[in-house]
Amino acid sequence: MSNLSTRAEQLAAFDRLLTIMDELRAQCPWDKKQTTESLRHLTIEETFELSDAILEGNPEEIKKELGDILLHIVFYAKIGSEEGNFDISTLIHSLCEKLVRRHPHIYGDTVAQDEETVKQNWEKIKLKEKGNSSVLGGVPKSLPALIKAMRIQEKARGVGFDWEEKQQVWEKVEEEMKEFQAEFNAASEEEIDHEKATGEFGDLLFSLINYARFIDINPEEALERTNLKFIKRFQYLENAAREAGKNLSDMTLAEMDVYWNEAKKK
């Protein structure tokens, strides 16, 4: 832990970053041209790169990607100051004030002795601050569907609209599975109603996400870990087949399964 810096050193490092940002904005042709709109897609990309580093459990990469995101925050603040809208100071103070408001159990008289109460208070205060007519009004429309489902369920729980026991949620999963099977029977050759089956499949996914939340599993993280696991195993299959002088497209499924099972063991 000896490589960690003091508060004074942290402030000095932040001041150095602000100075470099001022210099880049004034002198670098690329940095001069950037706007909040041009940076937007780059910020999204950096966020996903941070997500990859976190899933890989690589501290050095996490540090690097966090630095890239911090640069973007400072960049947006610099543009905001040039446009007379806000600067890094007003941005940070606004954040601090929000944190104080949303933690009345720390900075006020509210009592919250568990995580769930803290979350409920947070959502109630946020709803009041934003003036939304709906609890779900704060869920970004552009969120990926799986993450959006998580946030919808969390916000509904924040005002008490939720199942009481995880067994009730699992029963809902089983109910949705039966309804989906009724619309899409794998043993039947009859043409299915794709619109209706899609709706039932969506209901099944939503209930599974809900159950994952009840047993403290992040479904987005769980699915991404499975994606990465599949990629590693499939790439092993590709490499093993290549070393054996075989082409995947010419192999039978049984032949590919041999390498796939080897990958699972590894």
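Which residues are linked with Arg 157 in a network of salt bridges? In this predicted model, the network joins Arg 157 with Glu 116, Asp 162 and Arg 213. The count of salt bridges comes to 14, and the points below take up several of these pairs, together with one buried glutamine and one loop residue with a positive phi.

**Salt bridges between helices**

- Arg 157 and Glu 116 meet through their side chains in a salt bridge, with a distance of 3.0 Å from N to O; because Arg 157 lies in helix H8 and Glu 116 in helix H7, this pair ties together parts that are 41 residues apart in sequence.
- Both partners count as partly exposed, Arg 157 at 27% relative accessibility and Glu 116 at 25%.
- Glu 183 forms a salt bridge with Lys 196, and the closest N and O atoms of this pair are 3.6 Å apart; Glu 183 belongs to helix H9 (residues 166-183) and Lys 196 to helix H10, so that the pair links distant parts of the chain, 13 residues apart.
- Lys 196 counts as partly exposed, with a relative accessibility of 45%.

**A salt bridge within helix H7**

- Lys 119 pairs with Glu 115 in a salt bridge whose closest N and O atoms are 3.4 Å apart.
- These two residues are separated by about one helical turn, because Lys 119 and Glu 115 stand four residues apart in helix H7 (residues 115-130).
- Lys 119 is partly exposed, with a relative accessible area of 46%, whereas Glu 115 is exposed, with a relative accessible area of 56%.

**A buried residue in helix H8**

- Gln 153 has its place in helix H8, which covers residues 145-158, and at 5% relative accessibility Gln 153 counts as buried, because the cut-off for buried is under 20%.
- When residues up to four places away in sequence are not counted, Gln 153 touches Phe 206, Ile 209, Asn 210 and Arg 213; one of these contacts, Arg 213, is also a member of the salt-bridge network that includes Arg 157.

**A loop residue with a positive phi**

- Asp 216 is found in the loop between helix H10 (194-214) and helix H11 (219-243), and Asp 216 has a positive phi of about 60° although this residue is not a glycine.
- Asp 216 is exposed, with a relative accessible area of 73%.

Terms used. Residues numbered from 1 in each chain as written. Predicted model: local features only at pLDDT ≥ 70, side-chain atom pairs only at ≥ 80, totals over all residues. Heavy atoms only, no water. Buried < 20%, exposed > 50% of the residue type's maximum accessible area, 1.4 Å probe, protein only. Contact = heavy atoms within 4.5 Å. Salt bridge = Lys/Arg side-chain N within 4 Å of Asp/Glu carboxyl O.
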